[in-house]
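Thanks for coming, everyone. I'll put the chain up first, and then we'll walk through it piece by piece.

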Amino acid sequence: MADFVVLSTADWDHPLWTNKQHVAVSLAAAGHRVLYVDSLGLRAPRVGAVDRGRILRRLGRVLRPPRRVGEALWVWSPLVLPGGTAGFALILNRQLLTLGLRLALLWLRFQQPILWTYNPLTCRYLSLGSFGGSIYHCVDRIQAQPGMPAERISASERQLCRAVDVVFTTSPDLQADLEKIHPHTHFFGNVADQQHFGQALSGTLPCPPALNDLPRPRLLFIGAIDAYKLNLPMLEILVARHPEWTYVFVGPVGEADPETDVSNLLTFSNVHFVGAQPYSDLPCWLAHCDVALLPLRHNSYTRHMFPMKFFEYLASGKPVVATAIPALRPHAVAAHLCESEADSFEVAIAKALASEGPALTERLAVAAEHTYEVRTAAMLSVLNELGILPDARASGVSSGRARVRVRRLRHYWHEWLLSQLATSLAAGLDRIGAHHNALEMLQAFRHRWPLNLPVLRALIPRSVQAGDFNYALEVMEDLWINYGQISYLRKLLFRRGSRPEDLQQQIALFETFARSVRLPLTYRCYSRVVLAYRIVESGDQVRMRESAVALQSFVVQLESDPGTRLCRRGNRSNRAKLLISCYSTLTRLYLALGDRKSLAAIGQKAAEFMDGFDLNAIDRDTSFRLTRNLMRCLTIDVLEAWRLGDQSLYQRARQRLVLVVDHCHQSIHDESNAQEDHRGFAKALLEEVDSLEPMITGPSHDPQRIHELLRLMVKNKGLSLDGVLPLFPDYLDTKVAEVCQ
């Protein structure tokens, strides 16, 4: 299960719930832990009682820790300056939000939370790199709302879309706009709490007192009453034409658009504005009305919106008359959709009152397909495929157990104090060379308190140093399962200086870690990769073949996973990078074994993977860092083409290499902090490949033209030609090898 931070543009306690609150609830219901962050205030506060009351309520909450509002769900109100999106106010807000959020996450013990943001200005406030993943859920064209800094929001939204891992939208037009910026932009239309609004069908809900004396038929609108989205002039015409119809408006007037003027409508006796009503009471209002209305304008905002109330209306069973905005047109079978003008609405309302049009069963069937449970499951499936959700932990703790552990640490503070004393004492023993005593003391502490975090961290390096690799693995698995931490294994895998100096000790260490079934697949596989290179160094051919078989099983698993080609995880955890690393390691193994057929098969696998792979679809930094290994694997087909004299195979292999070279030279990689010169390597390798073209079908194969390509293909830095040639026994016969030397 994951920890989510939902960065909202609406306060939790707002009477009109929208996507933000419902998504937070549905994520918690799906078993995740959620911190809901109240609105940061995109616009400056207005003079008036509404904003003044909101500010006063916020000030009463900002100094409190996150408050629990449901199972695995908390709400936090940050201290920020409303509308502070530029200048000194932005600098102050960024510092306040970053510090406050860090403290809130520490309080809840959230680990590598995933950011789910609705705020298009998020990159101005927060560093996305501090989260385990990021989602931008675009539910409206906010910049089209009155009073918003439109240009600033649009520019920031483009920046955010480029930075996050995935974009969700609630209308097809929003998707069409944003997928030009991000390849993983998905449309998930708005949905409804079917169970809540379905109560209107029971026939037992009481009639709200404000409706009791109003004549029928009653036409109901629920939502914010703002002139920029509601067609108020059209409603004035309808009201005047049909005084026998009663119009009821439930919601605040002019909340987002202070220029909203309903004074003309208020002059009609058949029009009633009842203000905002509690969310829990909305089914009662629907139950005692006859038609549900969505009289929207046609403009930039409504063209990009998907009104939540549409499916809420349908779930209540009421006939719906709505403006045919783009997002609603696919659902015309369930509602009366018409143009935003009085004649069309008049005809549609008359048909709805006469029970003409979509039947109740059709309305309810469409509503049943669009629930929060269904949509959230689909969204989480996308996150899982892209690798944004954390790896499942075998026998891991539930969110409930995590909260128990939080309370345990708070109440049993003496354990924490003793752990600090124990780790400090162990460090002192290490300084005087009593490493064995330090290890024994920490092991005794773990026996008494098996899940103490500081002691688990301290035990792993000491166990590795003592050569007790099985014990180190046991502790490492506890640390992963209970805390989601695996930093020391990452250090062992990717920093050679942290490993034992003896080669056989390194082999034994990584053989132990590779046997684990509880560590995440990524790190078990990288343990196999590192192990394979150490075995190649040892020259043990039996172990090399065993290592190749083990890596092939990971290759099969990764190739069959559709998310491998789309993985948004960073460099060390990216599935595409991991598969390329497996291919590259198998290449090195088969070279050392002199197994040309297996080597050629790896080249074919790499080519097939590349043919269905878009380097722009995965994490940007990772797509740059895998350049060298990917090109080495794709070069195998070049060698095969040279060996076989196959011009067609050569051209296909070169085309794939060119795609990689072009990608790594994109301007988006100009600021990469990768230590290796990927661009220089790519250019050098392609030049050597190009130099081979005359030899593919020529009368002779000049071995002098291939030796540098072979050197580039072998991973070891500074390897001499003498060290390269023996790795290609089936490509270079003795005579050719002598000439090369």
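**Salt bridges first**

Searching the whole structure gives 23 salt bridges. Keep in mind that this is a predicted model. I'll take three of the bridges.

Start with Arg 241 and Asp 343. Their closest N and O atoms are 2.7 Å apart. This pair links distant parts of the chain, with the two positions 102 residues apart. Arg 241 belongs to helix 9, residues 232–241, and Asp 343 to helix 14, residues 342–353. Buried or exposed, or something in between, for Arg 241? Arg 241 is partly exposed, at 39% relative accessible area. Asp 343 is partly exposed too, at 42%. There is a further partner here: Arg 241, Asp 343 and Glu 346 are linked in a network of salt bridges.

Next, Glu 559 and Lys 605. The closest N and O atoms of this bridge are 3.2 Å apart. Again the pair joins distant parts of the chain, 46 residues apart. Glu 559 is in helix 25, residues 541–559. Lys 605 is in helix 27, residues 596–611. Glu 559 has a relative accessible area of 27%, so it counts as partly exposed. Lys 605 is partly exposed at 25%.

The third one is local. Arg 643 and Glu 640 meet through their side chains, N to O at 3.3 Å. Why about one helical turn between them? Because they sit 3 residues apart in helix 29, residues 627–644. Their surroundings differ in class: Arg 643 is partly exposed at 29%, while Glu 640 is buried at 8%.

**The chain overall**

Now step back. How many helices and strands does the protein chain have? It has 34 helices and 14 strands. Of the 741 residues, 55% are buried. Now the contacts between residues at least 6 apart in sequence: 73% of them join residues at least 24 apart. The accessible surface of the chain is about 31,300 Å². Carbon and sulfur atoms account for 52% of that surface.

**Two helices**

Helix 5 runs over residues 150–163. It has 14 residues, so at 1.5 Å a residue it should span 20 Å. Its end C-alpha atoms are 20 Å apart, which agrees. Which residues of helix 5 are buried? They are Ile 153, Ser 154, Ser 156, Glu 157, Leu 160 and Cys 161. What covers them includes three strands and two helices by name: strand 5 (114–117), strand 6 (133–138), strand 7 (166–169), helix 4 (122–125) and helix 6 (172–178).

Helix 24 covers residues 521–538, 18 residues in total. From first C-alpha to last, helix 24 reaches 26 Å, close to the expected 26 Å. Most of this helix is covered, with 15 of the 18 residues buried. Just past its end comes Gly 539, with a positive phi of about 80 degrees.

**Aromatic rings**

On to the rings. The count of aromatic pairs comes to 16. One of them is Phe 310 with Phe 311. This pair is edge-to-face, 5.2 Å centre to centre, with 70 degrees between the planes. Phe 310 is buried, at 0% relative accessibility. Phe 311 is buried at 0% as well.

Another pair takes us back to helix 24. The centres of the Phe 494 and Tyr 526 rings are 5.2 Å apart, and their planes lie at 80 degrees, so this pair is edge-to-face. Phe 494 is in helix 22, residues 487–494, and Tyr 526 is in helix 24. The pair links distant parts of the chain, 32 residues apart. Phe 494 is partly exposed at 23%. Tyr 526 is buried at 5%.

There is also a cluster. Ring pairs link Trp 12, Trp 17, Tyr 36, Phe 197 and Tyr 279.

**Last stop: the surface**

Which residues make the nonpolar patch of about 390 Å²? Leu 81, Phe 88, Ile 91 and Leu 92 do. Leu 81 lies in the loop between strand 4 (73–76) and helix 3 (87–108). Leu 81 is partly exposed, at 39% relative accessible area.

That's my tour. Over to you.

Notes
Residues numbered from 1 in each chain as written. Heavy atoms only, no water. Helix = DSSP H or I, 4+ residues; strand = E, 2+ residues; numbered from the N terminus. Buried < 20%, exposed > 50% of the residue type's maximum accessible area, 1.4 Å probe, protein only. Contact = heavy atoms within 4.5 Å. Areas by Shrake-Rupley, 256 points an atom, 1.4 Å probe, with all protein chains shown as cover. Expected span 1.5 Å × (residues − 1). Patch = residues over 30% accessible without salt bridge, like charges linked within 9 Å, V, L, I, M, F, W, Y side chains within 5 Å. Salt bridge = Lys/Arg side-chain N within 4 Å of Asp/Glu carboxyl O. Phe/Tyr/Trp six-rings, centres within 6.5 Å; stacked < 30°, edge-to-face > 60°.
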